[in-house]
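Have the sequence and the model open side by side for this one. We'll go from the whole chain down to single residues.

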Amino acid sequence: MTLQSQTAKDCLALDGALTLVQCEAIATHRSRISVTPALRERCARAHARLEHAIAEQRHIYGITTGFGPLANRLIGADQGAELQQNLIYHLATGVGPKLGWAEARALMLARLNSILQGASGASPETIDRIVAVLNAGFAPEVPAQGTVGASGDLTPLAHMVLALQGRGRMIDPSGRVQEAGAVMDRLCGGPLTLAARDGLALVNGTSAMTAIAALTGVEAARAIDAALRHSAVLMEVLSGHAEAWHPAFAELRPHPGQLRATERLAQALDGAGRVCRTLTAARRLTAADLRPEDHPAQDAYSLRVVPQLVGAVWDTLDWHDRVVTCELNSVTDNPIFPEGCAVPALHGGNFMGVHVALASDALNAALVTLAGLVERQIARLTDEKLNKGLPAFLHGGQAGLQSGFMGAQVTATALLAEMRANATPVSVQSLSTNGANQDVVSMGTIAARRARAQLLPLSQIQAILALALAQAMDLLDDPEGQAGWSLTARDLRDRIRAVSPGLRADRPLAGDIEAVAQGLRHPSAAADPPA
């Protein structure tokens, strides 16, 4: 994927309440960041309390103890720095493909935002270095595999820390890989040195799964918006019955997603002259009418139930985003240093990523459900027995000699099959590990990665539908090219024709599909996801 290397346009002061849209803007380097004085003061108090606890030789996990099942081995205060460094070393075992540039930057941001809640005890120097790296547009090189999401995302975060220490590699905004030591020298005057609890504060949290899920949530909103726009254009192309999208249905079954989907579809159909707006029951039948009609008075489900199906997907996304937003603005490491508590540290399990795991699995299923709708819409639009008089596979010339979208329709089916194969829930796959210390785990990062991976094939299926819709509009146009299309339909065709000419004769469509899919996933800043 081409990285966004444009100059950041604004500066966002982090105040502890980060939204998913803000997270994406920072991750893609469209926003710089600063930290409010109030948060800096809160973090300074936590760090001071930590130093006081160390001076008192308090029994605190990861400071005076070993890690995991070795927590019964007590460590002297004089070995604290070595303990923090060895934590990073033994956890840096990630393998497999690397996180994307934006994903790795979102990981850093999510960890920073958790620390800024003021209960992790990280040093001011640690905070400053993360801010500097983010504002310069760099990302640590982080392997994607190796975390079970139990004691947080220990493995990927350890690789992030290595980069901050100048021991790994960084990715610059143009996608070039650079040695992290040189980057840290240039940006911060030197690498990060771990002290006190900095190592544990940086790795002991759900920041990888949360970062990935945050970016997924924003892109999924764009996919929902595209699904509604494309469904409205399909209603026009097939001269469907707008009655099925009557607001009374949503009023009688007021799921929030269905209500919003119904409203959005009505807006999209504004000015559409080709749809049937007559209410079926307004007709009074006579004896002469009692015969079979060419077309039934209601459309197939792939048109009729769009508000209900997309509405359910939208409600699932809303739940996912609420969970992820809460996680993004939470303290997810352990132990913590809460003000007003009788002791300087508590030992528990805020690092367990089950919330994000379950939400990611649910969104995965919802995205596959949405893809199933789109694939069936493509099948109907390209089938000459179902598309109300359009050519078979929307070919632009002689049937048989020209096959039009036949291959593209098969590709959509193949993509859907692969999405379904990758929709098995991950959150139920808990395995005991870490010497039976982590005997239940969340698999949250795997779940988040799998949900995010569904966005690419979904966008490709949606791209095939968008290309087919533009082709159908061309085939249906009158000589003046007006044909009663809505602004939504005309805008869709204009966007498609900007990257893909009409299919007058068969040609390879692979490049067209990829170009349109990229535009659906990463539109201009003016096309931010709906609220």
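What follows is a walk through the overall build, the strands, two helix residues and a few backbone oddities.

First, the ground rules. This is a predicted model, so local features need pLDDT of at least 70 and side-chain atom pairs count only at pLDDT 80 or more, while totals for chains, interfaces and linings use all residues. Residues are numbered from 1 along each chain as its sequence is written, and side-chain values use heavy atoms, with hydrogens and water left out.

**The whole chain**

The protein has 19 helices and seven strands; helices (H or I, at least four residues) and strands (E, at least two) are DSSP runs, numbered from the N terminus. Its C-alpha trace spans about 95 × 45 × 40 Å along the principal axes. Of its 531 residues, 53% count as buried. Here buried means under 20% relative accessible area, exposed means over 50%, and partly exposed is in between (1.4 Å probe, protein chains only).

About 22,400 Å² of the protein is exposed, and carbon and sulfur atoms supply 55% of that; the areas come from the Shrake-Rupley method with a 1.4 Å probe, and for residues only the protein chains shown count as cover. Take the contacts between residues at least 6 apart in sequence: 77% of them join residues at least 24 apart, where contact means heavy atoms within 4.5 Å.

**The strands**

Start with strand β1 (residues 10–14), which runs parallel to β2 and is joined to β2 by five bridges. Two strands pair if DSSP finds at least two bridges between them. Look for cysteine 11 opposite arginine 32 in β2, and for leucine 14 opposite valine 35. Add helix α1 (residues 20–27) and you have a right-handed β-α-β unit made of β1, α1 and β2. Right-handed means that, with the strands pointing away from the viewer, the path from the first strand over the helix to the second runs clockwise.

Which side chains of β2 are buried, and which are not? In β2 (residues 31–35), Ser31, Ile33 and Val35 point to one face and are buried, while Arg32 and Ser34 point to the other and are not. That is the usual pattern, because side chains in a regular strand alternate between the two faces of the sheet.

There is also an open sheet of three strands, in the order β4-β6-β7, with antiparallel pairing. β4 (139–140) and β7 (177–179) are at the edges with a single partner strand each, so one side of each has no neighbour in the sheet. Two bridges hold the antiparallel pairing of β4 with β6 (residues 169–171), and alanine 139 has isoleucine 171 in β6 as its bridge partner.

**Two buried helix residues**

Glutamine 462 lies in helix α17 (residues 455–476). Is this glutamine 462 buried or exposed? Glutamine 462 is buried, at a relative accessible area of 2%. Leaving aside neighbours within four places in sequence, glutamine 462 is in contact with Ala223, Ala226, Ala227, His230, Leu370, Val374 and Leu520.

Alanine 412 lies in helix α15 (residues 406–421) and counts as buried, because its relative accessibility is 0%. Not counting residues up to four places away in sequence, alanine 412 touches Glu375, Ile378, Ile461 and Ile464. Valine 426 is 14 residues from alanine 412 along the chain, and their C-alpha atoms are separated by 25 Å.

**Backbone oddities**

Most residues other than glycine have a negative phi, and most peptide bonds are trans. Here are two residues that go the other way on phi.

| Residue | Phi | Loop | Relative accessible area |
|---|---|---|---|
| Phenylalanine 393 | near 55° | between α14 and α15 | 22%, partly exposed |
| Asparagine 434 | near 60° | between α15 and α16 (444–453) | 28%, partly exposed |

For the peptide bond, go to asparagine 334 and proline 335: the bond from one to the other is cis, with omega near 0°. Proline 335 sits in the loop between α13 (306–328) and α14 (354–382).
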